[in-house]
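Visitor: Could you take me closely through one part of this model, and then set that part in its surroundings?

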Amino acid sequence: MMQSLLEPKMIMTIILMGTIVYITYLTKRSATASDYFVGGRSFGWFTNGSAIGGDYLSAATFLGIAGLTFQLGYDGAYYAFCFSIGLTLLAIFVAGPLRRFGAYTVADFLAYRFHSKRARLAAVAVVLAISGFYAAPQLLGAAQILSMFFGTSYEFGIIFTCTVMIFYVGIGGMKGTTLNQALELWIRLGAFILMVAAAIYGGLHYEKILAAISEFKGSIGGTAQYATDAKDVEFDGTSWTGTGNYFPTFWQTVSMTIGLSLGTIGLPHILLRFYTNPSAKAARKSALMAIAIASVFFFFAVYLGAVGRSIFLSGAAEPQVMKDLVSGGNNMVVPSTAQALGGEWLLGLVIAGAFAAIFSNLSGLFIASSGALAHDLYATFVRKNNISERERVIAGKVSIVILGILYGILGLMVKTASIGHLVALAFTVAASTFTPIFILGIWWRGMTEKGAIAGLIIGLVVSMYMIFFSSTLPEFLQFKIPGLITVPIGFLSVYIVSKLDRKVPADVNDFMRKVHSKESEAA
Amino acid sequence: MESGIIEKNIFKELVQKGGKHMANEYSEYDYVAAGTIDVSELPPLDTETEKIMKDEFSTGFKLSLFYYAFIFAIPILNWFAPDFMFSRMWGGMTYAWFSTGIIAMAMAFIIAYVHTALYEKRIQKYQNNSSPLDKSEGRNIG
C-alpha cells in the first residue's frame, strides 16, 4: 500500500487533487448569483484565457490528438488543424459582443434578444444536449484512465469522477472552477513542454522522425508477443504520411473542416467563459490568449504523436511501453511516449495532466448546464423570477448534484461508445444550432424569434439524425462529421423562417446598440 | 425572495416609465412586452452604432475570408495536387505536414492577433472622435 502511494503517478495525482481541494476551499464563498455563475465578472485576460484554454483542451485533445496522429499520421494532424480554427472565429465574431451583452447563461442571450420564454426553453434543451454529448466521452475517458493506471473498475471511475465534480464545481462555483481550470491548463502544457524538450534533447527532431517514419515499410519487430493475433504489427510509412486514412474522400474532409471549425462558436461552456471577463476588451484578449495556448498545444500534440510513432517503430522502448503502444489504444500514446522519454516521473506528470484535462473540461460543462437548470429553468419557469440571490446560488449548487447523477448515468451508458464519435456529435450539434443563432443574432437585425427557435430545433434534429441514423441515408450523404450538410441547414432555417415571419422585436435597435456600443470597451 | 420582489417592482416601475431599464447586474426583465414590428417598419440604426457594426463586421469578414481561403487550400491541394503537397521540403517534412501541423497553428493566432490589433486601433479612433452618442441609450444589463 505504502509503496504504491510513493509511485510518481500517485504522488502527482495526489498533488493535483490537493491543489483542487485548496483552491475550491479558498473560493467557496459565492455570495451572489454573479459570483456563482460568472465568477463576479472579475477575471482578467490571463486567468480567463488560461481557463478558456483549459476548457477547450479536453482529455480528447490532450490524449486524443497525439493518439490520432500516432495512428492515422497526416489525417490525425488534420484533425488538430480543424480544432485549432474555431477559437479564432469565435474571437472575431462573438467574444466582444457577447461580453457586452453580459448576463449569466447562453439561453439568456436568446431570452433577452427576443423577450421570449420559448426561445429560452429551446436554448436550454440544446445546451443540455450538447453538454451531455460532450460530458459523456469525458467521463468515459476518465474511467478508462483510472482503469489503465490505477486498476479501478469502469463503474468506480465514473462515480469517482462525478463525485469530484460535484464537490469541485458545487462548492467553488465559477470562481473556483476558473482558477482550477487555469492551473490545470498549465499542468498539461507543462507536461507537453517537458516531453517536447526531452524529445529534442534525445535527437528526435521533427524532420528526422518524419523521414524515418515515411521510409518504414514492413513489420515492426518485437510486437507479436503483445498482438492479439500473435503476429508482428505491419506498418506502411508512405500511407501514414499521406491523406485518406480516415477521411476517404475530399468531401468528407471538407465536411469535417466545417463541422469542427464552426462547432467551437456554439459550445455553451466556451461561450459562457466570455461572461466572466470584466469588459469586452478583456474578453477579446482572453480569446487571444486561449488561441495562443491552443495553437502551441496542438503543435506539440501533433509532434508528440509523430515522436510516439518513431519510438514505436524503432522498437527501442522498454517492453512495457511497447506493450502499451500495441494493446493500449490511442489514449496510451501520450503516457507511453512520456514514459519512454522521461521515465516514471514524466509519466506521473502526464497522468496528472490527463486528470486535469478531464476535470477542467467537465467543470465547464457542469457550470454551463447548472446555469441552464438553475437560472434558466428553475428561476425563470418555476419561481417566475421571484427568487433571491442566495436562492439562486443554492439552486445552482443543487443542480450540480442533479447533473452529477445524470451525467454519471450517461457515463455508465456509453461504456462501449467511441469517444471521437461523441465529441464529433457535440461539435456538429453546436455548429448547427448555436453557431447560426449567435452569429445571426449578433449581426443581423432581421432575425426573428420564430427563426431562432426553428434554427435551434431543425439544427438539433438534423444533426442528430445524420449522426445516429446515417446508414438510412444515401451513400453520398453519409458523413463521419456532417457539418457540410447540417451547418448550412441551421443557417438557412433561421434565415428563411425569419424572412417569412418578418416580426422582429420592436427594440432590436437597442439590443444592437447594447452589444456593439463602445462604452464598455476600455473598461 | 425579498430582493427578487423588490427588483421586480423596480423593473415594473421602469417599464411604466418608458421601458428603459438600466441595471448594474442581471435581473429579471427578459420578458418585457416590447412587442414586435414588421421588419420593413424597423427604423434605421443610429449612425454611430451602424458604423461600428459595419467596420467590425467588414474587418472580421475579410479576415475570415482570407483565413478560410487558407484553410480550404490545404485539402484542395492535398486531394488535387498530392504530388506537390506530399513532396518533401526538408528531411521528411512535406508541404502538407508543414502547412497543417505548423503553419496552420501559427495562422490561427496571427488572424486573431491582427483582428485584435485592428479592433484596438478602431476603438482608439472612436475615443478620439467621441460624440454625444457615447453612452448606450438602449437596454443595459450590466
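Guide: What follows looks at one helix of chain A, then at the contact between the chains, and lastly at the nonpolar core. The model is predicted, and the part to begin with is helix H12 of chain A, which covers residues 206–215. Within H12(A), the buried residues are Tyr206(A), Ile209(A), Leu210(A), Ile213(A) and Ser214(A). Seen down the axis of H12(A), these residues fall within an arc of 130°, so they line one face of the helix. That spacing fits a general rule: an α-helix has 3.6 residues a turn, so residues three or four places apart point the same way. The buried residues of H12(A) pack against helix H13 (237–241) and helix H16 (280–314) of chain A, and also against strand S3 (93–94) and helix H4 (95–128) of chain B.

The contact between the chains takes 72 residues from chain A and 68 from chain B. On the side of chain B that touches chain A, H4(B) provides the largest share, 19 residues, and by class this side has 37 nonpolar, 20 polar and 11 charged residues. Strands also join the two chains, since 3 bridges link strand S3 (residues 503–505) of chain A to S1(B), the two running antiparallel, with Pro505(A) standing opposite Thr36(B).

As for the nonpolar core, the largest one has 207 residues, and Ala354(A) is among those with the most contacts inside it. Helix H18 (residues 333–382) of chain A gives this core its largest share, 26 residues. Leaving aside neighbours within four places in sequence, Ala354(A) is in contact with Ala59(A), Phe62(A), Leu63(A) and Ile145(A).

Technical notes: Residues are numbered from 1 along each chain as its sequence is written. Chains are lettered from A and ligands numbered from 1 in the order in which they are written. This is a predicted model: local features need pLDDT of at least 70, side-chain atom pairs count only at pLDDT 80 or more; totals for chains, interfaces and linings use all residues. A residue is buried if 20 or more other C-beta atoms lie within 10 Å of its own, exposed if 12 or fewer, and partly exposed in between; C-beta atoms are placed from the backbone. Helices (H or I, at least four residues) and strands (E, at least two) are DSSP runs, numbered from the N terminus. The arc is that of the directions from the helix axis to the C-beta atoms. Two residues are in contact if their C-beta atoms, placed from the backbone, lie within 7 Å. Ala, Val, Leu, Ile, Met, Phe, Trp, Tyr, Cys and Pro count as nonpolar, Asp, Glu, Lys and Arg as charged, and the others, Gly among them, as polar. Two strands pair if DSSP finds at least two bridges between them. A nonpolar core is a set of buried Ala, Val, Leu, Ile, Met, Phe, Trp, Tyr and Cys residues joined through C-beta atoms within 7 Å.
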